[in-house]
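Ready to work through a few exercises? Have a look at the sequence and the structure first, then try each task before you read its solution.

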Amino acid sequence: MFVPFIAVEGPIGVGKTTLTAAIAKTFSYQQLQEISSENPFLDQFYQDKEKWSFQTEMFFLCNRYEQLKQINKDYISAGIPVVADYHIFKNMLFAQRTLEASDLAKYKEIYRILTQDLPMPNIIISLSASLSTLQQRIHERGRYYESDMDSDYLQLLSDDYSSYIPEFEKAHPDISVLHIDGDQMDFVRNTQDLKNILARVDAAVQKGLNLNETT
Ligand SMILES: Nc1ncnc2c1ncn2[C@@H]1O[C@H](COP(=O)(O)OP(=O)(O)OP(=O)(O)O)[C@@H](O)[C@H]1O
Ligand SMILES: Nc1nc(=O)c2ncn([C@H]3C[C@H](O)[C@@H](CO)O3)c2[nH]1
């Protein structure tokens with residue numbers, strides 16, 4: 001059975017949570033939203049990444065693992081569609097960027113064990129935007145711990161997403177990936193842009209449902 005499980009992904013501040021909420025509302029899907037402020041290390045991490053990266057990455061990994069396990073049990077396996085503002089792969093993108101080699105080796109082993117049985121999304125929405133757009137949105141959102149966000153860090157993470165998404169598509173040809181350029185499409189202020197994106201999401205869902213019927 002094809003149960004829509006959509007993950008919205010992209011760099012910090014690109015609009016994942018905003019678009020996830022719009023999709024959940026439009027299609028009456030269950031929304032899975034990460035609450036980053038639950039990570040007790042994030043504030044310290046932004047002040048000293050080297051010192052706090054392992055605790056921060058481990059917390060995000062365990063937290064997302066718990067959330068996805070629960071969402072699978074309560075919704076996906078019960079046939080209820082879900083839209084999430086992350087995919088578990090983001091953990092590895094951040095970890096590779098922030099951890100030193102020996103911690104990364106340990107992290108990879110734990111990641112492999114924890115993620116092997118997690119549900120995989122069948123649709124990914126990949127959001128991208130230029131550095132200046134990301135900075136502007138992070139600034140407008142005004143989270144205190146992001147107020148001094150290092151622009152190199154933000155750009156590198158954004159580049160990591162740009163390199164990784166094509167690899168992901170190659171490795172998972174069965175998963176629909178919708179690309180949205182956040183500099184061109186403004187789904188917050190432009191209703192037509194939002195409608196266009198929602199129509200693309202609907203088409204991807206219908207494709208999944210139709211394929212499922214014919215197999
Ligand atoms: N397309 C858009 N146009 C203008 N503003 C936007 C757009 N998308 C999001 N925003 C604004 O940018 C800010 C960041 O958006 P949001 O919190 O959805 O990003 P995010 O990708 O979920 O962030 P994070 O990576 O920190 O979880 C919010 O204030 C939101 O209202
Ligand atoms: N280090 C690190 N690892 C992660 O897996 C991760 N996921 C999100 N974040 C940061 C980005 C935003 O500031 C804030 C909200 O997304 O939390 C992360 N930081």
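**Exercise 1. Where does Asp186 lie, and is it buried or exposed, or something in between?**

Step one: find the loop. Asp186 sits between strand 5 (176-181) and helix 8 (191-214); helices (H or I, at least four residues) and strands (E, at least two) are DSSP runs, numbered from the N terminus. Before going on, note that this is a predicted model, where local features need pLDDT of at least 70, side-chain atom pairs count only at pLDDT 80 or more, and totals for chains, interfaces and linings use all residues. Residues are numbered from 1 along each chain as its sequence is written, while chains are lettered from A and ligands numbered from 1 in the order in which they are written.

Step two: count neighbours. A residue is buried if 20 or more other C-beta atoms lie within 10 Å of its own, exposed if 12 or fewer, and partly exposed in between, with C-beta atoms placed from the backbone. Asp186 has 14 other C-beta atoms within 10 Å, so it is partly exposed.

Step three: check a distance. Asp186 and Ile197 are 11 residues apart along the chain, and their C-alpha atoms are separated by 10.0 Å.

**Exercise 2. Sort Asp85, Glu100, Ser28, Pro173 and Cys62 by burial.**

Start with Asp85, in the loop between strand 3 (82-84) and helix 4. With 25 other C-beta atoms within 10 Å, Asp85 is buried. UniProt lists Asp85 for "active site" in an unreviewed entry; its positions are given in the numbering used here, feature names are shortened, and annotations may be inferred rather than shown by experiment.

Next comes Glu100, in the loop between helix 4 and helix 5 (101-115). Glu100 has 10 other C-beta atoms within 10 Å, so it is exposed. From Glu100 to Leu209 is 43 Å, C-alpha to C-alpha, with their positions 109 residues apart in sequence.

Ser28 is in the loop between helix 1 and strand 2 (30-32). It counts as exposed because it has 9 C-beta neighbours inside 10 Å. There's a backbone oddity to spot too: Ser28 has a positive phi of about 55 degrees although it is not a glycine.

Pro173 belongs to the loop between helix 7 and strand 5. Its 8 C-beta neighbours inside 10 Å make Pro173 exposed.

Finally, Cys62 is in helix 3. With 13 C-beta neighbours inside 10 Å, Cys62 counts as partly exposed. Cys62 and Thr115 are 53 residues apart in sequence, yet 10.0 Å apart in space, C-alpha to C-alpha.

**Exercise 3. What surrounds each ligand?**

Take ligand 1. A residue is near a molecule if its C-beta atom, placed from the backbone, lies within 6 Å of it. There are 16 residues around ligand 1, and Gly15, Lys16, Thr17, Thr18 and Arg137 come nearest. Helix 1 (16-27) and helix 6 (131-141) are the elements that give two or more residues to this shell.

Now sort by class: Ala, Val, Leu, Ile, Met, Phe, Trp, Tyr, Cys and Pro count as nonpolar, Asp, Glu, Lys and Arg as charged, and the others, Gly among them, as polar. The shell around ligand 1 holds 4 nonpolar, 5 polar and 7 charged residues.

Move on to ligand 2. Its surroundings include Ile12, Ser36, Phe60, Asn91 and Glu146. Helix 2 (42-47), helix 3 (49-74) and helix 4 (89-98) each supply at least two residues of the shell. Helix 4 gives the largest share, 4 residues. By class, the shell around ligand 2 has 5 nonpolar, 4 polar and 3 charged residues.

**Exercise 4. How do helix 3 and helix 4 pack?**

First, get the axes: these are lines fitted to C-alpha atoms, for helices over the stretch in contact, and angles run from 0 to 180 degrees between N-to-C directions. The axes of helix 3 and helix 4 come within 10 Å and cross at roughly 170 degrees. That angle makes helix 3 roughly antiparallel to helix 4 (under 35 degrees counts as roughly parallel, over 145 as roughly antiparallel, 65 to 115 as roughly perpendicular and the rest as oblique).

**Exercise 5. At what angle do helix 6 and helix 7 pack?**

Helix 6 and helix 7 (residues 151-171) pack at about 120 degrees, with their axes 10 Å apart. So helix 6 is oblique to helix 7.
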